Amino acid sequence: LDAAGDPPFPSGAWLRGMHHAVGAPPAGREGWHESDIVTVAGGSPDGPACLVGVLETGTAFGSVYLRRLGLGEAVSIEAEVRLETVLGPGESRRLESVRVALGDDANRLLECFAELWGRTAGARTRAPFQAGWCSWYHFFHEVTEDHLLRNLDALAGARDAFPIDVIQLDDGYQRAIGDWLETNEKFPRGLAPLARDIADAGFRPGLWTAPFCVVPESQVYRDHPDWLLQNGDEHFRALAHPQWTPSVWVQGLDTSQDAVLRHLRQLFASLVEMGFTYLKLDFLHAVAMRADASDPRVSRAERLRRGLEAVREGAGEAAFLLGCGCPLGPAVGVVDGMRIGPDVAPSWEHASPAIIPGLEPVLPSTKNALRSILHRAWMHRRLWLNDPDCLMARSADTGLNADEIRSLAAVIGSTGGMLVFSDDVPGLTGADRACIGETLGLAREVDALGSRGVARARGLLDPAGIEAVVASGMEDALVAVLNSAEAPAQRAVPLAAGAESQPLLGSPGLEAGASVTLGPHASAIYRLPGVRKLAVFCDFDGTFSVQDVGATLARQRAGERRPALWARYERGEITAWDYNMLLLNGLVVPEEELDTFLKTIELDIGAVALVRWCADRGVPFRILSDGFDRNLDGLQRIHGVAFEYDANRLRYEGDAWRIEAGFPNPECFCGTGTCKRGRIAAYRRAHPRAFCVHVGNGRVSDLCGAIEADLTFAKDTLAPALETRGIPYEPFANLTDVVSTLEPLWAQSGVA
């Protein structure tokens with residue numbers, strides 16, 4: 001963040017508005033840096049950071065502005081939510097929510113933001129891994145029916161080499177932009193026979209459209225000029241595309257009109273009826289630019305959301321919708337996949353002969369695409385399936401050299417998003433085919449490591465750029481190291497001492513010191529050995545046991561003092577441990593009465609099964625309790641179950657309790673006597689390869705442990721506390737549910 005802020009955009013507000021929420025920055029923003037939706041700022045690549053983001057749900061666009069204050073490290077961050085609608089007298093609108101979060105890991109901050117955003121907007125993240133072939137990056141606009149059928153035959157005959165599901169026809173088949181049911185002379189049989197051919201060959205038919213775009217040559221334009229967005233008395237120019245129309249200018253549909261929404265529903269219902277159930281929706285920004293709509297109460301974000309919802313209603317819930325060229329926020333909850341960067345290209349740099357000033361970072365190129373894939377890996381399976389754009393592995397008819405092809409493959413494979421390749425299959429060499437097959441296997445493997453994305457870019461806030469991607473689950477980690485510079489560079493690989501790595505995608509072996517020298521634009525990817533060892537940590541009161549021992553006794557013996565003390569805790573006047581001390585220290589409960597009471601405490605129906613499951617598989621199991629050691633010892637004897645535990649201490653003075661904190665952690669927000677975050681972190685320090693699971697039910701003592709763990713099971717008050725913070729968890733009703741979920745995870749670790 002320099003003092004100058006973002007430089008002025010050199011090509012005007014209209015062009016800037018294709019790529020930013022605001023075409024012209026608001027007055028008074030000189031010296032500020034701008035980000036749409038969300039930003040993370042930190043003083044060092046691996047140090048503390050601050051996230052500010054707008055949880056867009058399709059009613060408004062959010063922008064975040066940053067500037068450095070003076071010569072120090074202080075930074076001012078401001079969020080703006082632009083409602084852009086007309087309010088009648090007495091009318092109100094609820095604004096999109098804004099999240100502010102602090103943390104030690106920029107990736108984690110973004111992942112938690114995406115979790116919360118996804119739940120807020122109803123993200124569709126459960127679609128199966130998508131693998132396919134696309135016509136675009138070899139044939140472009142010149143694609144013909146023969147090209148498609150020739151590649152269909154080749155793919156049908158090479159299922160072992162290319163285990164894909166989707167065959168997608170891209171731009172070039174349509175009679176005119178806007179008339180998506182009619183083909184041109186290069187596709188004489190029309191669309192329906194092509195869909196049948198693809199389905200009969202055992203693949204899912206896919207089709208490209210630009211659903212909100214219209215050109216003067218289309219029937220839609222001629223029949224319904226009143227359906228178009230306006231700029232005063234003229235049709236609004238949504239984009240310039242000389243290959244689509246001799247006039248160059250493309251218009252956008254006005255989705256504030258109900259008639260336009262009906263048209264979109266009918267159109268996509270017809271395409272699905274033909275058999276196209278994988279639908280790529282491109283140039284979606286056209287409907288969300290600053291233009292005049294028939295209904296001024298519908299904001300730009302709402303125009304996009306309404307249009308996408310109409311497409312979804314027409315296509316149905318089973319169709320896979322892929323967004324492309326899309327302002328991201330309004331699409332969350334509607335699309336299943338999303339292009340997260342600009343077009344890739346069969347060249348490292350952009351090959352456009354005419355460079356429009358200001359658009360260099362978004363022009364089609366492999367370099368530009370890789371930058372966005374790396375910086376948006378955190379979105380995968382939290383907002384949708386990430387689409388990194390197509391892999392091109394061909395060694396002929398390309399401007400990419402072998403190192404650049406491997407870099408594209410390594411980044412796509414290690415981030416685990418969708419994999420669609422776009423080469424002329426009959427012309428591929430054996431090495432080309434091997435590259436596609438291996439990359440497909442890697443991407444599928446990374447995607448399967450968890451229900452959410454697991455790939456993390458190392459150095460997300462490093463001004464020098466991202467140099468590595470790490471994807472790790474219960475199995476061996478995959479690490480890709482990158483050099484996007486113009487000179488050779490050495491990259492270190494995080495390899496344990498004495499361990500051996502497995503090079504992938506033709507990567508070179510590692511040098512002494514677990515490093516590799518990479519040429520310009522080169523990369524290498526390795527499988528690193530070592531199984532992550534599962535360890536299970538479980539809360540006791542209300543989780544392992546049905547009742548909360550301490551709370552039940554307090555209600556019985558000190559009920560009159562509890563409400564006032566709890567109110568003080570809720571106001572932040574006392575910590576959780578202060579509450580325990582004021583309520584329970586000195587509590588009179590004769591030992592024989594305590595022992596009798598403990599016999600009434602029931603264990604969860606899956607408690608014994610969870611302990612036995614862990615013991616049978618050699619999985620460490622430990623109770624973490626903000627309760628007391630004496631009670632845990634007694635309950636183990638009563639129920640005939642044995643477990644290790646960390647808890648607070650309880651001793652008797654006569655008939656009165658004397659309690660002492662077991663493992664307090666002044667650096668943690670929990671304020672408990674036994675900090676579960678601290679106990680899990682201590683275990684992780686002693687066992688660096690541990691995969692830590694936490695099981696809990698309460699928002700007071702379990703929240704910090706849930707944040708520290710790799711996987712959390714939550715119920716009762718812990719679940720909404722995690723949802724509020726955007727932190728992922730697995731819901732459970734009882735501990736048998738936990739066992740059922742852990743079994744395949746443990747089997748996946750390779751130690752079964």
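Mentor: Let's start with a term: on a 1 Å grid over the protein atoms alone, a cavity is a set of points where a 1.4 Å probe fits but cannot get out, and its lining residues have an atom within 4 Å of a point. Grid points are joined across faces, edges and corners, and a volume is the space filled by probe spheres set on the points. This is a predicted model, where local features need pLDDT of at least 70, side-chain atom pairs count only at pLDDT 80 or more, and totals for chains, interfaces and linings use all residues. Residues are numbered from 1 along each chain as its sequence is written, and side-chain values use heavy atoms, with hydrogens and water left out.

Trainee: What volume does the second largest cavity have?

Mentor: About 30 Å³. Its lining includes His380, Thr415 and Asp447.

Trainee: What makes one residue of that lining charged?

Mentor: Asp, Glu, Lys and Arg count as charged, Ala, Val, Leu, Ile, Met, Phe, Trp, Tyr, Cys and Pro as nonpolar, and the others, Gly among them, as polar. Asp447 is in the lining, so Asp447 counts as charged. The rest divide into four nonpolar and three polar.

Trainee: And which residues line the largest cavity?

Mentor: Among them are Lys280, Arg339, Asp387 and Asp389. That lining has four charged, six nonpolar and one polar, around about 60 Å³ of space.

Trainee: Why is Leu632 in helix 18 called buried?

Mentor: Buried means under 20% relative accessible area (1.4 Å probe, protein chains only). Leu632 is listed as buried, so its value falls under 20%.

Methods. 1 Å grid on protein atoms, 1.4 Å probe; cavity = no way out; pocket = protein on both sides within 12 Å on 5 of 7 lines; lining within 4 Å. Buried < 20%, exposed > 50% of the residue type's maximum accessible area, 1.4 Å probe, protein only. Helix = DSSP H or I, 4+ residues; strand = E, 2+ residues; numbered from the N terminus.
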